[in-house]
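Here is a short briefing on one protein chain and its metal site. Keep the structure open beside the text and find each part as you read.

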Amino acid sequence: MKRYILLALLITMTSSLFAQLSNPPGLNLIRTEDLRKDLYALADAHFNGRSAGTLDELKASMWLGEKFRAIGLKPAGDDGTYFQYFSILRNHIADNSSIQINNTPLKLWKDVAIAQMANINLNAPIVYLGNAADVDTNALDVKDKVVAIEANSKGINLDVSLPTWRYNRYIYNKYGQALLKRGALAIIFIADEVAEKGWDDAAENFKRGNYDIEGGPNQTVTAQAPVIWLHANAKKELQGNTGTIKMNLIVSQYSYPSLNIAGMVTGTDATLKSEYLMYSGHSDAHGIRNVIKNDSIYYGADDNGSVDVAMLANARAFVKNPPKRSVLFVIHGAEERGLLGSKYFSAHPTIPIKNIVAVLNGDMIGRNNTDSATILGFKPPHRNSLDLVNMALAANKEGPNFKLNTTWDEVTHVEGWYFRSDHLPYARLGIPAIMYTSLLHPDYHTPQDNAENINYPKLKKMADWMYRTGWKVANAAMRPMTDKGFKLER
Ligand SMILES: [Zn+2]
């Protein structure tokens with residue numbers, strides 16, 4: 001009997017020794033306690049939801065830069081600092097804009113929401129078109145007319161994340177575009193039940209306007225037609241075609257600062273240290289918005305504090321055990337405003353861009369079941385490096401052993417998520433890139449995305465996975481190849 005126990009013990013010891021041999025050396029520096037402590041600090045109410053372009057984002061970025069310094073990363077931003085500043089160009093509707101229906105002034109955002117901005121001053125009768133489901137928007141004479149049309153959700157798939165954020169855009173795409181193409185001067189959508197339910201979320205987004213960096217498509221508001229939303233009760237006033245609108249919209253344009261936070265570990269190999277493995281995340285969240293379940297701070301603990309603190313943990317592991325290649329950590333600003341930080345860094349890199357051998361981006365890695373996760377960029381047409389994907393798969397097998405959900409790269413996937421995170425600008429440049437995620441959840445972009453709701457054992461496993469992959473990439477004899485014929489569908 002004793003002999004069997006001894007034998008069993010011996011087998012256990014050898015196999016755990018074996019596992020340790022295949023573990024990268026800094027793995028024990030990725031600690032659940034650190035992840036938890038850092039995330040509670042970064043997703044704290046102190047930072048007010050880290051909205052891009054605000055002092056809150058700047059403050060959180062200083063906190064992250066100070067972490068980089070304390071951990072021992074070298075500065076990799078501009079001018080020997082941890083930071084790279086850039087300007088966000090923002091357009092939004094000025095507060096002194098006004099809209100009257102039948103000579104009654106409406107309260108901006110409460111009574112009327114402006115979905116598409118324009119500098120315009122008009123006084124016109126309103127042509128009521130009826131319910132969207134009943135009219136053929138491609139066959140109407142709407143030239144130079146202000147038209148009102150009742151929204152209808154028929155045929156629109158709302159089984160998608162953030163339906164209240166997207167519904168107005170779906171309605172615009174389905175009905176509004178055709179009306180503008182036929183020369184409508186302005187469109188008034190009348191809210192149906194779905195739009196009424198999503199009004200507060202949608203109005204918060206409209207209110208903020210749009211954002212870009214220099215040279216981007218949203219930089220200027222061209223002479224486009226305005227699109228506005230009224231509540232359902234406007235229908236009875238407009239139905240008889242006796243309605244009028246007076247609209248004086250002023251688009252205010254200005255720039256304000258955002259920034260990327262960048263630090264690095266120098267590689268140990270005389271030749272390979274000029275190449276960089278890059279970790280990528282984003283610092284910003286959604287700030288303070290409409291109240292949901294008694295809270296108005298959109299903390300962004302999972303999105304994307306989870307990745308930022310996993311990057312800090314990875315940095316601790318790499319600082320103590322540098323690999324052959326150098327390792328670059330970039331936490332981007334203004335991701336939620338349209339991937340602005342990654343667009344800027346990839347266009348103004350602080351190191352030669354062709355020396356970045358791979359980008360390991362992460363977006364939301366701290367929620368859902370502990371045993372499942374995925375990477376985007378896993379399958380064509382989004383996969384741009386089979387080499388890199390294979391390293392991530394091997395790392396998964398050796399460590400966390402997640403069941404992978406591989407449907408997210410399908411071009412028919414309703415989320416189109418591949419196009420919504422910071423790996424994208426790098427992938428477009430042909431740099432091998434993947435995105436780690438523990439996938440979406442109902443608290444996504446709500447105040448309930450907070451530090452209490454994070455699954456910390458899961459976050460630890462995700463941080464391990466990113467580290468194990470990074471260790472392979474940073475020490476491999478050959479850098480991962482970009483797939484021949486890589487071409488995104490849009
Ligand atoms: Zn995100």
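Strands β2 and β12 pair in the antiparallel sense, with 11 bridges between them. Within this pairing, glutamine 84 has asparagine 260 in β12 as its bridge partner. The model is a predicted one. Strands of a sheet pair through backbone hydrogen bonds, either parallel or antiparallel.

**More partners of β12**

- Strand β12 covers residues 251–265, and 2 bridges join it to β1. The two strands run antiparallel.
- Proline 75 stands opposite glycine 263 in β12.
- β12 also pairs with β16, again in the antiparallel sense, over 5 bridges. Here alanine 262 stands opposite valine 330 in β16.

**Strand β13**

- β13 and β16 run parallel and are joined by 7 bridges. Strand β16 spans residues 326–332.
- Leucine 277 has valine 327 in β16 as its bridge partner.
- β13 pairs with β17 too, in the parallel sense, over 5 bridges. Tyrosine 279 has leucine 360 in β17 as its bridge partner.
- Is β13 mostly covered or mostly open? Strand β13 (residues 276–282) is mostly covered, with 7 of its 7 residues buried.
- Its side chains go two ways. Tyr276, Met278, Ser280 and His282 point one way from β13, while Leu277, Tyr279 and Gly281 point the other way. All of these residues are buried.

**The zinc site**

- Which residues coordinate the zinc ion? They are His282 through NE2, Asp303 through OD and Asp363 through OD, at 2.0 to 2.2 Å.
- Along the chain, the donors of the zinc ion follow the spacing H-x20-D-x59-D.
- The two aspartates link distant parts of the chain, 60 residues apart. Aspartate 303 is in helix α7, whereas aspartate 363 is in the loop between β17 (356–362) and β18 (372–376).
- Aspartate 303 and aspartate 363 are both buried.

**Helix α7**

- Helix α7 runs over residues 301–320.
- α7 has 20 residues and reaches 27 Å from its first C-alpha to its last. That is close to the 28 Å expected at 1.5 Å a residue.
- Why is α7 described as largely enclosed by the rest of the structure? Because 18 of its 20 residues are buried.
- An α-helix has 3.6 residues a turn, so residues three or four places apart point the same way.

**Aromatic pairs**

- How many aromatic pairs does a search of the whole structure find? The search finds 16.
- One of them joins phenylalanine 68 and tyrosine 82, edge-to-face. The centres are 6.4 Å apart, with 75° between the planes.
- This pair links distant parts of the chain, 14 residues apart. Phenylalanine 68 is in helix α3 (residues 55–71), and tyrosine 82 is in the loop between β1 (74–75) and β2 (83–93).
- Phenylalanine 68 and tyrosine 82 are both buried.
- Tyrosine 436 and tryptophan 465 also form an edge-to-face pair, at 4.9 Å centre to centre and 90° between the planes.
- Tyrosine 436 lies in strand β20 (residues 433–437) and tryptophan 465 in helix α11 (residues 456–475), so the pair ties together parts that are 29 residues apart in sequence.
- Tyrosine 436 and tryptophan 465 are both buried.
- Ring pairs also link Tyr279, Phe318, Phe329, Tyr467 and Trp471 into a cluster.

**Charges over rings**

- The charged end of arginine 36 sits over the ring of tyrosine 456, at 4.6 Å from its centre.
- Arginine 337 lies over the face of tyrosine 211, and here the distance to the ring centre is 4.9 Å.

**An open sheet**

- An open sheet of 8 strands has mixed pairing and the order β4-β3-β11-β6-β7-β8-β10-β5.
- Its edge strands are β4 (104–105) and β5 (112–116), and each pairs on one side only.
- Strands β7 (residues 146–150) and β8 (residues 186–190) run parallel, joined by 5 bridges. Alanine 148 stands opposite isoleucine 188 in β8.

**The whole chain**

- The protein chain has 11 helices and 20 strands.
- Buried residues make up 57% of its 490 residues.
- The C-alpha trace spans about 95 × 55 × 45 Å along its principal axes.
- The radius of gyration is 25 Å, which agrees with the value near 23 Å for a compact globule with 490 residues.

Definitions and conventions
Residues numbered from 1 in each chain as written. Predicted model: local features only at pLDDT ≥ 70, side-chain atom pairs only at ≥ 80, totals over all residues. Heavy atoms only, no water. Donors = N, O, S within 2.8 Å, 3.2 Å for Na, K, Ca; no water. Helix = DSSP H or I, 4+ residues; strand = E, 2+ residues; numbered from the N terminus. Buried < 20%, exposed > 50% of the residue type's maximum accessible area, 1.4 Å probe, protein only. Phe/Tyr/Trp six-rings, centres within 6.5 Å; stacked < 30°, edge-to-face > 60°. Lys NZ or Arg CZ within 6 Å of the ring centre and 35° of its normal. Expected span 1.5 Å × (residues − 1). Pairing = 2+ DSSP bridges. Rg over C-alpha atoms; globule rule 2.2 N^0.38 Å.
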